[in-house]
Amino acid sequence: MLKLTDIVKDYAVGDECVHALKGISIEFRKSEFVAILGPSGCGKTTLLNIIGGLDKYTSGDLSINGRSTKMFKDADWDSYRNHSVGFVFQSYNLIPHQTVLANVELALTLSGVGKAERRKRARRTGSRRREQFCKRELIGLAFVLRKKRLVQETGRSPFCPKAL
């Protein structure tokens, strides 16, 4: 479960302060699917970066499974990102000359998964024929890695829109 309480995020831009998030409070239940919608510049990506542990909030609190992150050290954030949250970035972050299978296996290698288990999990992304389609959708690493949360930086579904 994730709980954000009065989250504020400010950025210093020159001599000015930009208020990206102004007291956001929201709670996400286990296995809940949530879409965060809004116009460009309203703070969606900032909010996702905070939820994913990529950016720190200015004030407020983010609780993960009832544990406050106020005192999290870099190692705590690293562990959270590595074991509990998956990212599907708008820019894909795939290695273009690699297959989907190889891209998924690389992410699993970085997570410390052994070779046999890595291959088994990566193959769950689909057959060789499917590797040609929907690279971005197939790379839904949160599902492949059995992570608990998916942070996706786009308004699109993490699943392939076409029936394969």
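Helices here are DSSP runs of H or I with at least four residues, and strands are runs of E with at least two, each kind numbered from the N terminus. With that in hand, let's walk through this predicted model.

**Stop one: the whole chain.** Colour by secondary structure and you'll have seven helices and six strands to find. Starting at the N terminus, they come in the order β-β-α-β-β-α-β-α-α-α-α-α-β. Now switch on the surface: the accessible area is about 10300 Å², and carbon and sulfur atoms hold 53% of that. The chain has 164 residues, and 36% of them count as buried. Among contacts with a separation of 6 or more, 57% link residues 24 or more positions apart.

**Stop two: the sheet.** Which order do the strands of the four-stranded open sheet take? Read across and you get β2-β1-β3-β4, with antiparallel pairing. Select 16-28 for β2 and 67-68 for β4; these are the edge strands, each pairing on one side only. If you turn on hydrogen bonds, keep in mind that strands of a sheet pair through the backbone ones.

**Stop three: β1 and β2.** Next, select residues 2-13, which make up β1. How many bridges join β1 to β2? There are ten, and the two strands pair in the antiparallel sense. For one spot to zoom in on, click D10: its bridge partner in β2 is H19.

**Stop four: the helix across the sheet.** Finally, pick residues 44-51, helix α1. Add β3 at 59-64 to your view, and you can see α1 lying across β1, β2 and β3. Compared with β1, helix α1 runs at about 120°.

Definitions and conventions:
Residues are numbered from 1 along each chain as its sequence is written. This is a predicted model: local features need pLDDT of at least 70, side-chain atom pairs count only at pLDDT 80 or more; totals for chains, interfaces and linings use all residues. Side-chain values use heavy atoms; hydrogens and water are left out. Buried means under 20% relative accessible area, exposed over 50%, partly exposed in between (1.4 Å probe, protein chains only). Contact means heavy atoms within 4.5 Å. Accessible areas come from the Shrake-Rupley method with a 1.4 Å probe; for residues, only the protein chains shown count as cover. Two strands pair if DSSP finds at least two bridges between them. Axes are lines fitted to C-alpha atoms, for helices over the stretch in contact, and angles run from 0 to 180 degrees between N-to-C directions.
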